[in-house]
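Below is a walk through one protein model, from its surface to its interior.

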Amino acid sequence: MNLDRKSHNKWIIFSSLGWLFGVLLTLIFSVSFDAFGIEGLQFFMAIGMGLGMGYMQWRFLDAHIKISKQWIFYLTIGLTIPFLILDLIKQFIYFQPNALLIALCISLGSIISGILQIRLIKPYIKSNISWILFSFLGWTLAGLSIFSVDYTHHISDHNLTLFFINLLALLAGGPIVGLITRLGFR
């Protein structure tokens, strides 16, 4: 699939909408788990982001290359595996995962997803390695944009300013993933 400038922009838009959808699903899952007294787990975040982003990216890809809905499953399962392992380990060893460990899970999940997705898009990407690399870079940098919220208090003491800076940092993930992963297509 040769993406022209217009298609590149659409990929970024669909990825951004997928990010928003993923955030919404993550909030719904979080509230649902909390309602049942299940707290401190991370895997539902990966499921929400995988489903949201996977669905919107699939919509774009299906319009261009008629791709299988497995795209949604591959992204969701790839992102979820490291977080599920982390949550299982937490059941046996008490610890609170820090930002670095969560970032590692995001990075590992992006690699797993990238490997799984290759089966569906092999004829349309530059190379297997480049797709995995761009998936890794996109998701890792998107994750870091979220973690930057922990440091924005150094920028300003004004609450309204911080609100908008933090909102921008949280919403930047979708465009970041879209901007970087589009480079993996031919």
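How much area does the protein expose, and what share of it do carbon and sulfur atoms supply? The exposed area is about 10,100 Å², with 71% supplied by carbon and sulfur atoms; accessible areas come from the Shrake-Rupley method with a 1.4 Å probe, and for residues only the protein chains shown count as cover.

This is a predicted model, in which local features need pLDDT of at least 70 and side-chain atom pairs count only at pLDDT 80 or more, while totals for chains, interfaces and linings use all residues. Residues are numbered from 1 along each chain as its sequence is written, and side-chain values use heavy atoms, with hydrogens and water left out.

The protein has seven helices and zero strands; helices (H or I, at least four residues) and strands (E, at least two) are DSSP runs, numbered from the N terminus. Of its 186 residues, 45% are buried, meaning under 20% relative accessible area with a 1.4 Å probe, protein chains only.

The largest nonpolar core holds 19 residues, and Trp19, Met53, Phe83, Ile106, Trp139 and Val177 touch the most other members. A nonpolar core is a set of buried Ala, Val, Leu, Ile, Met, Phe, Trp, Tyr and Cys residues joined through side-chain atoms within 4.5 Å. Helices H2 (43–65), H3 (70–92), H4 (99–121) and H5 (128–147) each supply at least two residues of this core, and H2 gives the most, with five. Leaving aside residues up to four places away in sequence, Trp19 touches ten residues' worth of neighbours listed as Met49, Met53, Trp139, Ala142, Ile146, Leu170, Leu171, Gly173, Gly174 and Val177, where contact means heavy atoms within 4.5 Å. A second, separate core of 16 residues includes Phe60, Leu61, Ile67 and Ile132.

Key:
Buried < 20%, exposed > 50% of the residue type's maximum accessible area, 1.4 Å probe, protein only.
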